[in-house]
Amino acid sequence: MRPKRPLFKVERGEGNEYVLEDGTCVYDAAGGAAVSCIGRADKRVEKAMVKQFRKGISYLPSLSFYAQVSVDLANWLVDSTDGKMAQVMFYGSGSNGIDAAQKLARQYHKRAKLNPEEDRIFFIARDRSYHGATLDALDLSGHKARRAYYEPMLAKNMRTVPPCYPYRERLDNETDAAYVQRLKQALVDMIETLGPTKVAGFIVEPVVGAALGCVAAVDGYLAAMREVCDKYDILLIFDEIMCGLGRTGYMHAWQKSGVVPDIQLIGKGLAGGFAEISGMLVGHKVAKAFKGSGEAFAHGHTFQNHPLACAMALATLKIIDEDRLLENVRQKGPILARKLRERLGSHPYVGDIRGEGLFWAIEFVMDKLTKTPFESKLNIADEIHRMGLTKQYAVWVYPGSGTVDGTDGDHIILAPAFNITEEEVDIIVERTATLIEDYFKGLDESMPSNS
Ligand SMILES: Cc1ncc(COP(=O)(O)O)c(C=O)c1O
């Protein structure tokens, strides 16, 4: 199968860099896809992996067995929520976790809760959201372009409401409170349209990652969504696959607001990129219902709760703790933001620089005032990303498109490792800013009106 673009061969990883075949050291300013959060070769992860491997318990058939390390990891995560979440299950990809969440919500309503309901088969997601690549996870995603090829094959039990996207969608002079009220009403209207007993769950990324580019919800938004879900007995599902596990400066992005979900998905950075592992955290209401009804969750994967992956995940999380990396995220995040704004804030094609913690995006526009995006055929974000990989810039930035309406709109994401130093912040800002300035200079020169 041909990749979208030619790939570069990586010889090795060093610190937060990819060393390419020709010796170019590409600084990873986005942790890949917001995955690598503690560098590439931490000895403590290696030790934990080897220890688990040597026990001869890398894989276990979960039908009959469990390993202590999976329990330890689950307990660590539950503790990290201050006991606000009750249970955790581990899967492979983030998409696997999203599929599991849909099935759990369905089973909760149909079988586990006290007054079971058969008809709750719909989910509500947000427009332009991305929750994964499997057909079910894609069906839950509101990203038009990513759905397009597969539309006829999708189950279509998802409806969308607008995201919380103040840069583009808060009206002039609209307060946060009024904006939240409008979004709350949109959710209520959608629930009422589908039927108040038809919706199983509402899924939200507390800080939207790849789909919109590091868009944090405005104050009061998550609480308002929680209120609506409670009123209609709908499960509130937080997708923290990209924004969770320290990325925003909180172990869980929802902790900033204090709004607790019923189901939470984590992935990407869970094992720092050393292993493929995602997790589904289950809140007390759902866990109690399953316990009370004696229901077992009717869902399983061959590699779920994989002990070797769990060992690497636990080692990664302990490193975040031991090395006080959340503090570093909170300290370096604002420095990164300030320096990006100083350098790029007045660039004519930079519309917005936004984010939290070490999770920042730069959205590009053709016109700062009207916020008109570039034509999608120009592939602005992708082109910038590709140019970044050349020797001259040597920086990996994560591109995203469809930011405005699922087709048009471009941004890049910066999501560096949690252990970055101030010198590395400077490297990121210098290389990324030069890349953007040079790219648009070239674009201007290539435009017919300017030639
Ligand atoms: C918010 C979000 N949810 C789910 C996924 C799917 O995760 P995976 O690619 O590991 O299946 C992604 C991947 O980019 C994501 O960003």
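Is Thr316 buried or exposed, and what is its relative accessibility? Thr316 counts as buried, at 0% relative accessibility. The close-ups below come from a predicted model.

**View 1. Thr316 and its surroundings in helix α11.** Thr316 is part of α11, which spans residues 307-322. Its relative accessibility is 0%, so Thr316 counts as buried, the limit being under 20%. Beyond neighbours within four places in sequence, Thr316 is in contact with Cys37, Ile38 and Val45. Its other contacts of this kind are Gly269, Leu270, Ala271, Gly272 and Phe274.

**View 2. The ligand and the residues around it.** The residues around the ligand include Ser93, Gly94, Ser95, Tyr130, His131 and Gly132. Glu205, Asp239, Ile241, Met242 and Lys268 are also around the ligand. By class, this shell has three nonpolar, five polar and three charged residues. Gly94 places a backbone N or O atom 2.8 Å from an oxygen atom of the ligand. For Ser95, a polar side-chain atom lies 2.5 Å from a ligand oxygen. Lys268 has an N or O atom of its side chain 2.9 Å from an oxygen atom of the ligand. On its own, the ligand has 390 Å² of accessible area, and the protein covers 84% of that.

**View 3. Helix α10 and its two faces.** Helix α10 covers residues 284-293. Its buried residues are Val286, Ala287, Ala289 and Phe290. Seen down the axis of α10, these residues fall within an arc of 160°, so they line one face of the helix. The face turned away from the buried side carries the exposed residues Lys288, Lys291 and Gly292. Cover for the buried residues includes the strands β4 (85-91), β10 (235-239) and β12 (278-283). Helix α4 (94-112) is also part of this cover. Just after α10, Gly294 takes a positive phi of about 75°.

**View 4. Leu104 in helix α4.** Leu104 is buried, with a relative accessible area of 3%. Two residues of α10, Val286 and Phe290, are among those that Leu104 touches. Leu104 also touches Ile263, Met280, Val282 and Phe297. These contacts leave out residues up to four places away in sequence. Arg126 is 22 residues from Leu104 in sequence, and their C-alpha atoms are 20 Å apart.

**View 5. Ser80 and its contacts with residues distant in sequence.** Ser80 lies in helix α3. Its relative accessible area is 15%, and Ser80 is buried. Ser80 and Met251 are 171 residues apart along the chain, yet their C-alpha atoms are separated by 7.1 Å. Not counting residues up to four places away in sequence, Ser80 touches Met251, His252 and Gln255. The side chains of Ser80 and His252 are joined by a polar contact of 2.8 Å.

**View 6. Asp82 and Arg128, two loop residues with positive phi.** Asp82 is not a glycine, yet its phi is positive, about 55°. Asp82 is in the loop between α3 (68-80) and β4. Asp82 is exposed, with a relative accessible area of 64%. Arg128 has a positive phi near 65°, and is likewise a residue other than glycine. Its loop runs between β5 (122-126) and α5 (135-139). Arg128 is buried, with a relative accessible area of 4%.

**View 7. Thr248 in the loop between β10 and β11.** Strand β11 spans residues 263-266. Thr248 is buried, with a relative accessible area of 5%. Thr248 touches Val207, Cys243 and Ala253. Val329, Glu356 and Gly357 are also touched by Thr248. Residues up to four places away in sequence are not counted here.

**View 8. Asn379 in the loop between β14 and α13.** Strand β14 spans residues 359-364, and helix α13 spans 380-388. At 38% relative accessibility, Asn379 counts as partly exposed. Asn379 and Gln392 are 13 residues apart along the chain. Their C-alpha atoms are separated by 21 Å.

Definitions and conventions
Residues are numbered from 1 along each chain as its sequence is written. This is a predicted model: local features need pLDDT of at least 70, side-chain atom pairs count only at pLDDT 80 or more; totals for chains, interfaces and linings use all residues. Side-chain values use heavy atoms; hydrogens and water are left out. Buried means under 20% relative accessible area, exposed over 50%, partly exposed in between (1.4 Å probe, protein chains only). Helices (H or I, at least four residues) and strands (E, at least two) are DSSP runs, numbered from the N terminus. The arc is that of the directions from the helix axis to the C-beta atoms. Contact means heavy atoms within 4.5 Å. A residue is near a molecule or strand if one of its heavy atoms lies within 4 Å of it. A polar contact is a pair of N or O atoms within 3.5 Å; within protein, one must be able to donate a hydrogen and the other to accept it, and residues adjacent in sequence count only if both atoms are side-chain atoms. Accessible areas come from the Shrake-Rupley method with a 1.4 Å probe; for residues, only the protein chains shown count as cover. Ala, Val, Leu, Ile, Met, Phe, Trp, Tyr, Cys and Pro count as nonpolar, Asp, Glu, Lys and Arg as charged, and the others, Gly among them, as polar.
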